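Colleague: Got a minute to go through this fold with me? I'd like to ask about it piece by piece.

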Amino acid sequence: MSSIARVEPLTTARALRGPFDYRIPHEMEGVGVGSVLLVPFGRRRILGLVVDVCDHTEVPPDKLVEPLAPLEAGVPAELVELGRWLADAYCSTPARGLALVLPPGTGTASHATPGASTRELLEAALTPAGRDAIAGSSRTRLGPKQHAALSRLARGPSTAGELGVAHGTLASLERRGLVSIGRRAVARRPSGVDRGAGKRVTAAAPRVLTDAQAAALAAVLEPLEARRHAALLLHGVTGSGKTEVYLRAADAALAQGRSAIVMVPEIALTPQTARRFEERFGERVAILHSQLSLGERYDEWRRLCDGQARICVGPRSAVFAPLTDLGLIVVDEEHDSAYKQESDPRYDAREVAERRARMSGAVLVCGSATPRAESWQRMRKLSLPARVDNLDLPPVELLDMRGLRHALHPDARRALEDVRTRARKAIVLVNRRGWSAFVECRDCGRTWMCPHCDVTLTLHRDDPTGRLACHHCGHWQPAARSCPDCGSTAVSRHGAGTQRVEAELREALAPLPVFRLDADAARRKHGIAETLAQFDAAPAGVLVGTQMVAQGHDFPEVELAVVQDADATLRFPDFRAEERTFALVSQLAGRSGRGPGGGRVMVQTMSPATTCLRHAARHDAEGFLGEEMDRRRALHYPPFSTLIHVSVSALDQELADRTAARVAERLGALEVLGPAPLFRLKDMYRSRLVVKAADRAPAVSAVGAAVREVGADRKLRNVKLVVDVDPQ
Ligand code: ADP
Ligand code: ZN
Ligand code: ZN
């Protein structure tokens, strides 16, 4: 009998859960797990993904229908399994989980054609009638342009662009039977800039690894060569040679005929890693990231699928690269929370990488100078204790800001002036963009709040009057000249943002150039890359910016790094606050003193006794993690438990709380904290439950079921429930 395809509909409707069975006709013999099909569904036609093929179905023969057509690009079977697992593991729907593994541009809605395919150009070829026409052996009359075009076609098929004529001209020649029009497939390769590759020098591998690198590499190669899964943590400060270890491991995987995935937190902020893989492996590398056009992404995807490219470098979505025979997955800068996706499916690419590596018997290597507690606990540790160049890490000074009213400590100011005198470079990290954190009326104490969210507005001064902006919903309004409550014109501005520090430094350090890097500057296309390139090219200068300035770029002339307000991350009400602050200070320290001039790091804080800062000042990741692990164990936080957030948003607080309480009632067996109100966001009142579970999978499925049950109540149509497993 003919076989049956079990098809998961690729629609975002939560209620529609497959799989549904279809009969595979003989002419679609090639259809298997991973095929994308256009199928009839009721009176509609929708896209579906084959998740299983079997020879039995419960559907009566007269009800069983056939797919309409298979689409050209399918997905490796292994990725189908990964997508389905992910949907369950993060409380999402199969369609959303599977959408992650589909070829770029495959519609998840009900439209019938995929959004991208191999780019095709229409190309004209001369017909025998056309040949006769230019030879003058027929009575066809040609205009001079038509004659010229046909003469060129006599030398071979060409596109309208190559012929220099309008598409309409070719179309009319086709109608007259003088040319035939066909398709030519072309691959779009992203240009060097888009691929994050600026300087194109071919980097030869260093001939000798350091002893520490050699030992780490051997520990990676051992399971790789045995084709056995292993999860390894490569702990090493910036400049300790981690990337060189990744490169050699990838080389070994390729030599085995296997493939590799290399994940970076964000291409724009970590261009060096991507570039070095391209330099070492050339065309065998495909780069996937969101700044590529859909067409470019599709073509890179295709090259991976066809085996032309065997290494995929990219941010979190690279974990879904359609590679077969995977031997190695690298997660660079594994501490970076950018690996967590903040929209449904809220997956953590590091977890997905671990899962995928396990499924395909590949070796997972996570690298960082400041590993997460989770990785420290779970993985085998490899260590690169010193920088390759044997330079010392820069000394870190904690500057006590208590009692000071200026944005910068006098010592930091002096150090920056010294940078100007010696024409060197400095980086200043400011945790908030804009001018000042909030504004307040000096007479009546009024603060300016967002009308849609319960948060204060931030002053931005892109022009002299300025505007007040909400960093949560995008609302903005002109900055007021006087207080609407009491009429006072005395307004005080509290807290320093990137714009204000930039302006102050520009004045204090003139003529030293000051560059700013934050989300506002990044909004321009290539804004990040441009600013980094300008700072790189300048003979001297200061780079002021948000956390982006602490990520993996390498500027050897930077001799000073200042953290303007370490308390901003410390005060964040989250159990990862210490870990984040430690990582931020350490990463910034890694940015300074990479050249022969050495460097120093200054951390401004109101709480210089905080242990995470004291550990960071000593470059003591191990000591920090030891204490952090004890604290997490005592408080029953990850990695000693799994956290799941359930957030409810509604048009009033009471409804949000009540709905959250209904979910909580169904979770009797689990440890549940809340409901606790969250601040109002975009006019929605919110309430949150925190579930702490020792056993992850059953807790996730219990929470998923509870949320589905409560959410099915039609009275709650306007209430939104969101589950976030392992929130970051
Ligand atoms: P990380 O990834 O830990 O920051 P890298 O692998 O980028 O470290 O190494 C830092 C620098 O040292 C790079 O310029 C790299 O080319 C160089 N390097 C790495 N390993 C060696 C080695 N064994 N001998 C000489 N130079 C090396
Ligand atoms: Zn007032
Ligand atoms: Zn707002």
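What follows is a back-and-forth about the cores, some helices and a few unusual backbone spots.

Modeller: Ground rules: this is a predicted model, where local features need pLDDT of at least 70 and side-chain atom pairs count only at pLDDT 80 or more, while totals for chains, interfaces and linings use all residues. Residues are numbered from 1 along each chain as its sequence is written, chains are lettered from A and ligands numbered from 1 in the order written, and side-chain values use heavy atoms, with hydrogens and water left out.

Colleague: Which helix gives the most to the largest nonpolar core?

Modeller: A nonpolar core here is a set of buried Ala, Val, Leu, Ile, Met, Phe, Trp, Tyr and Cys residues joined through side-chain atoms within 4.5 Å. Buried means under 20% relative accessible area, exposed over 50%, partly exposed in between (1.4 Å probe, protein chains only). The largest one has 104 residues, with Met263, Leu364 and Val663 making the most contacts inside it. Helices (H or I, at least four residues) and strands (E, at least two) are DSSP runs numbered from the N terminus, and the top contributor, with six residues, is helix H22 (residues 696-711).

Colleague: How many residues are in the other core?

Modeller: That core lies apart from the largest one. Its members include Leu254, Ala274, Phe281 and Val285, and its size is 34 residues.

Colleague: Why do the buried residues of H13 line one face of the helix?

Modeller: Helix H13 (residues 410-421) has 12 residues and reaches 16 Å from its first C-alpha to its last, close to the 16 Å expected at 1.5 Å a residue (1.5 Å times one less than its number of residues). The buried ones are Ala412, Ala415, Leu416 and Val419, while exposed Arg414 and Thr421 sit on the face turned away from them. The arc is taken over directions from the helix axis to the C-beta atoms. Seen down the axis of H13, the buried residues line one face because they fall within an arc of 100 degrees.

Colleague: Are H18 and H20 roughly parallel or roughly antiparallel?

Modeller: Contact means heavy atoms within 4.5 Å, and here it involves Glu578, Glu579 and Phe582 of H18 with Ala621, Phe624, Glu628, Arg631 and Arg632 of H20. Axes are lines fitted to C-alpha atoms, for helices over the stretch in contact, and angles run from 0 to 180 degrees between N-to-C directions. For H18 (residues 577-591) and H20 (residues 621-635) the angle is about 170 degrees, with axes 11 Å apart. Angles under 35 degrees count as roughly parallel, over 145 as roughly antiparallel, 65 to 115 as roughly perpendicular and the rest as oblique, so H18 and H20 are roughly antiparallel.

Colleague: Where is the proline that a cis peptide bond joins to alanine 510?

Modeller: The bond between alanine 510 and proline 511 has omega of about 5 degrees. Proline 511 lies in the loop between H14 and strand E23 (514-517).

Colleague: Is glutamate 333 buried or exposed?

Modeller: Glutamate 333 is not a glycine, yet its phi is positive, about 50 degrees. It belongs to the loop between strand E13 (326-331) and helix H11 (349-359). With 11% relative accessibility, glutamate 333 counts as buried.

Colleague: And what is the relative accessible area of histidine 619?

Modeller: Histidine 619 also has a positive phi, near 55 degrees, and sits in the loop between helix H19 (611-617) and H20. Histidine 619 is partly exposed, at 31%.
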